[in-house]
Amino acid sequence: MHEFSIASGLVEKLLEFAEENPEKKIVEVRVAIGEFTQVEEEQLRFCYDSIITEMPIAGSRLVIERVPGKVACPHCSYSGSPKYWEGILPGVPLITLQCPGCGKAAVATEGEECSVRSIRFKPSQPLSVPRDRPAAL
Ligand SMILES: [Zn+2]
């Protein structure tokens, strides 16, 4: 249920945004998902769509941006693409933290993120007020 908890965390943030900005309707959310998180795109999208059906942000689109993993090795100073293990699951190479250079444990330098990149919205009502006017309380 990895994807489900990510999706609900995301929705929580968006609802906060929607509450603070009632004049904006969220139409699209772009998230960056690192390769190391092992999140399945389809799963995440499905969870997201099923969570938001009854919410003010219903109908918004989730766009997933894949962030490829990168590792750095403290043993041989390798840095770059990670090593994959083939053949554990057929057709699905598994990303690992094993150094492709020396085979020891490397650390992830990129690809662990799971964050909101941007939110696209449109005004809930057609606006006729100047943009920079402070909101009336
Ligand atoms: Zn190494």
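A residue is buried if 20 or more other C-beta atoms lie within 10 Å of its own, exposed if 12 or fewer, and partly exposed in between, with C-beta atoms placed from the backbone. Keep that scale in mind for each stop.

This is a predicted model: local features need pLDDT of at least 70, side-chain atom pairs count only at pLDDT 80 or more, and totals for chains, interfaces and linings use all residues. Residues are numbered from 1 along each chain as its sequence is written.

**Whole chain**

Show the cartoon. The protein has 2 helices and 8 strands. Helices (H or I, at least four residues) and strands (E, at least two) are DSSP runs, numbered from the N terminus. From the N terminus on, the order reads α-β-α-β-β-β-β-β-β-β. Of the 137 residues, 17% count as buried. Now look at contacts. Two residues are in contact if their C-beta atoms, placed from the backbone, lie within 7 Å. Among contacts in the protein with a separation of 6 or more, 74% come from residues 24 or more positions apart.

**Stop 1: sheet E2-E1-E8**

Select residues 24-34, which are strand E1. Add 61-67 for strand E2 and 114-123 for strand E8. These 3 strands form an open sheet in the order E2-E1-E8, with mixed pairing. E2 and E8 are the edge strands, and each pairs on one side only. Two strands pair if DSSP finds at least two bridges between them. Neighbouring strands of this sheet are turned by 20° against each other on average, direction ignored.

Zoom to E1 and E8. They run antiparallel and are joined by 9 bridges. Pick Val29: its bridge partner in E8 is Ile119.

Next, pick Arg30, which sits in strand E1. Is Arg30 buried, exposed or partly exposed? It is partly exposed, with 14 other C-beta atoms within 10 Å. Leaving out residues up to four places away in sequence, Arg30 touches Val63, Glu65, Arg117 and Ser118. Draw a C-alpha to C-alpha line from Arg30 to Ser118: the two are 5.2 Å apart in space and 88 residues apart in sequence.

**Stop 2: the helices**

Select residues 2-20, helix H1. H1 lies across E1 and E8, and runs at about 145° to E1. Axes are lines fitted to C-alpha atoms, for helices over the stretch in contact, and angles run from 0 to 180 degrees between N-to-C directions.

Add residues 41-52, helix H2. Two packed helices are described by the angle between their axes and the distance between the axes. For H1 and H2 the angle is about 50°, and the axes are 8 Å apart. That makes H1 oblique to H2. Angles under 35 degrees count as roughly parallel, over 145 as roughly antiparallel, 65 to 115 as roughly perpendicular and the rest as oblique.

H1 passes H2 in a right-handed crossing. A crossing is left-handed if the near helix is turned anticlockwise from the far one by less than a right angle, and right-handed if clockwise.

Which residues make the contact? On H1, show Glu3, Phe4, Ile6, Ala7, Ser8, Leu10 and Val11. On H2, show Gln43, Leu44, Cys47, Tyr48, Ile51 and Ile52. The residues of this contact divide into 10 nonpolar, 2 polar and 1 charged. Here Ala, Val, Leu, Ile, Met, Phe, Trp, Tyr, Cys and Pro count as nonpolar, Asp, Glu, Lys and Arg as charged, and the others, Gly among them, as polar.

Before leaving, click Gln38, in the loop between E1 and H2. Gln38 is not a glycine, although its phi is positive, about 60°. Gln38 is exposed, with 11 other C-beta atoms within 10 Å.

**Stop 3: sheet E4-E3-E7**

Select residues 70-72 for strand E3. Add 79-80 for strand E4 and 107-110 for strand E7. The open sheet has 3 strands in the order E4-E3-E7, with antiparallel pairing. Its edge strands are E4 and E7, each pairing on one side only. E3 and E4 share 2 bridges. Val71 has Gly80 as its bridge partner in E4.

The loop between E3 and E4 holds Ser77. Phi of Ser77 is near 60°, a positive value in a residue other than glycine. Ser77 is exposed, with 10 other C-beta atoms within 10 Å.

**Stop 4: the hairpin**

Select residues 84-89, strand E5. How many of its 6 residues are buried? The number is 0, so E5 lies largely in the open. Add residues 92-95, strand E6, joined to E5 by 3 bridges in antiparallel fashion. Tyr84 stands opposite Ile95 in E6. E5 and E6 form a hairpin with 2 residues between them. End on Gly91 in the turn, where phi is positive at about 80°.
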